[in-house]
Amino acid sequence: MSLPAVILVGGQGTRLRPLTERTRKDMLPVVDRPQLAYTFEHLRRHGVRRGIVSCGYLPTQIEERFGNAYGDLALEYRVEDEPLGTGGGIAFAAQGLEDTFFALNGDSLREADLDALLAFHRERRALATILLTPVADPSRYGLVRLEPDGRVASFLEKPRPQEIDTNLINAGLYVLEPQVLELVPAGRAVSIEREVFPALSERGAVYGLALPGYWLDVGTPASYLQAHRDVLERAFRTDVGDLLGSDFTYVDPTAVVHPDARLVPPVYVGPGAVLEGGVRAGSVAAIGAGARLAPRAVVESAVVGARAQVGADTHVEGSILGEGARVGDGARIAGLAVVGPDAVVGAGNELDHGVRVGAGQEIPDRALAFA
Ligand code: GDD
Ligand code: MG
């Protein structure tokens with residue numbers, strides 16, 4: 001039987017500015033499609049056919065892009081008058097559900113066997129089961145301490161350093177029984193992590209399970225680049241990975257790649273992109289739709305957004321150019337620099353050390369250099 005899924009899409013994504021100045025975080029493109037598409041794809045792969053998108057505020061960009069379905073995953077939108085928090089958002093969106101359902105954060109990438117998670121949930125007769133994943137630093141997440149049988153002993157959202165005694169955290173995906181919603185008070189914002197899970201763990205009714213697979217929280221420029229690397233390297237299964245094939249190279253049929261340009265896999269070249277002579281793209285390069293790389297430009301471990309332009313002899317390494325960004329000739333963009341959408345970086349500039357150029361901002365020729 002196919003379970004419905006409630007997908008939470010409420011948060012802001014301030015650590016990804018300036019990329020998120022015009023695009024909400026969950027709609028930022030990863031290679032060729034919004035991040036949220038990977039979440040929908042994962043649900044589809046595991047047989048989910050009904051997605052209820054729980055929106056803390058107007059989901060305009062999401063609805064415009066996805067409408068009422070993503071392939072065979074039907075989509076509905078439930079919009080809160082005021083953001084209700086993660087618990088309140090799930091309860092509001094899940095109104096009317098009378099049986100077991102999935103609920104998940106829409107801001108991370110994951111691949112895990114949801115059938116195995118559900119089987120575990122049923123075996124334990126749990127009210128809630130949390131998918132867990134190990135991370136190096138749990139401080140930004142929900143730390144989950146387990147009993148030997150998988151019961152959650154305690155759930156600590158954003159633990160303090162001295163509280164960290166396990167590397168297992170909440171991967172932001174749950175199997176829930178509708179009774180859990182009775183623990184969510186109406187009329188105010190409620191955090192499932194800070195209120196509902198601690199209450200359930202006291203009753204011994206919430207379980208956690210770490211499964212092999214893939215998990216990445218896409219919240220910073222570094223993790224945004226990592227997401228591209230992992231999709232292009234096929235660290236987990238995606239439709240984009242399938243498109244890349246066994247040579248890890250995709251060139252859209254409408255792209256124009258000069259015979260003297262060099263593609264180093266993994267590499268993705270989107271529709272209408274133009275790569276001139278002497279260009280090197282890759283390894284790990286995502287060149288967005290309609291982007292232009294002038295002669296001898298180098299793009300390595302980097303993202304060039306849709307319609308962005310890279311000048312002649314310019315190097316973009318370990319960095320991100322937002323959609324429509326333009327970089328002049330002979331520039332060097334490196335070290336996790338982020339050029340915001342439609343920003344203009346003049347010729348001969350050097351950006352490094354995580355410098356961020358705001359959306360639409362302009363930097364004159366040869367204005368910035370790093371020793
Ligand atoms: N509908 C709705 N309403 N959704 C919301 C609201 C709201 O008021 N507030 C947040 N969300 C959505 C966010 O868009 C995101 O998809 C999800 O709920 C989690 O909220 P975040 O604000 O991103 O929380 P976090 O990243 O600090 O922590 C959460 O995710 C971690 C894993 O990435 C927690 O669930 C942690 O326990 C977890 O480890
Ligand atoms: Mg988050």
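How many of the eleven residues of helix α1 (residues 35–45) are buried? Nine of them are, and the helix is mostly covered, where buried means under 20% relative accessible area, exposed over 50%, and partly exposed in between (1.4 Å probe, protein chains only). This is a predicted model, in which local features need pLDDT of at least 70 and side-chain atom pairs count only at pLDDT 80 or more, while totals for chains, interfaces and linings use all residues. Residues are numbered from 1 along each chain as its sequence is written, and side-chain values use heavy atoms, with hydrogens and water left out.

**Helix α1**
- The buried residues of α1 are Gln35, Leu36, Ala37, Tyr38, Thr39, Phe40, Glu41, His42 and Leu43; helices (H or I, at least four residues) and strands (E, at least two) are DSSP runs, numbered from the N terminus.
- Just after α1 comes Gly47, which takes a positive phi of about 85 degrees.

**The second largest pocket**
- Thirty residues line the second largest pocket, and Leu28, Pro29, Gly305, Ala306 and Glu323 lie nearest its centre; on a 1 Å grid over the protein atoms alone, a pocket is an open set of points where a 1.4 Å probe fits, with protein on both sides within 12 Å along at least five of seven lines, and lining residues have an atom within 4 Å of a point.
- Among the elements that give two or more residues to this lining are β3 (33–34) and α6 (221–232).

**Gln95**
- Gln95 lies in the loop between α3 (85–93) and β7 (101–105), and this residue is exposed, with a relative accessible area of 52%.
- Although Gln95 and Pro178 are 83 residues apart in sequence, they are 9.0 Å apart in space, C-alpha to C-alpha.

Technical notes:
Chains are lettered from A and ligands numbered from 1 in the order in which they are written.
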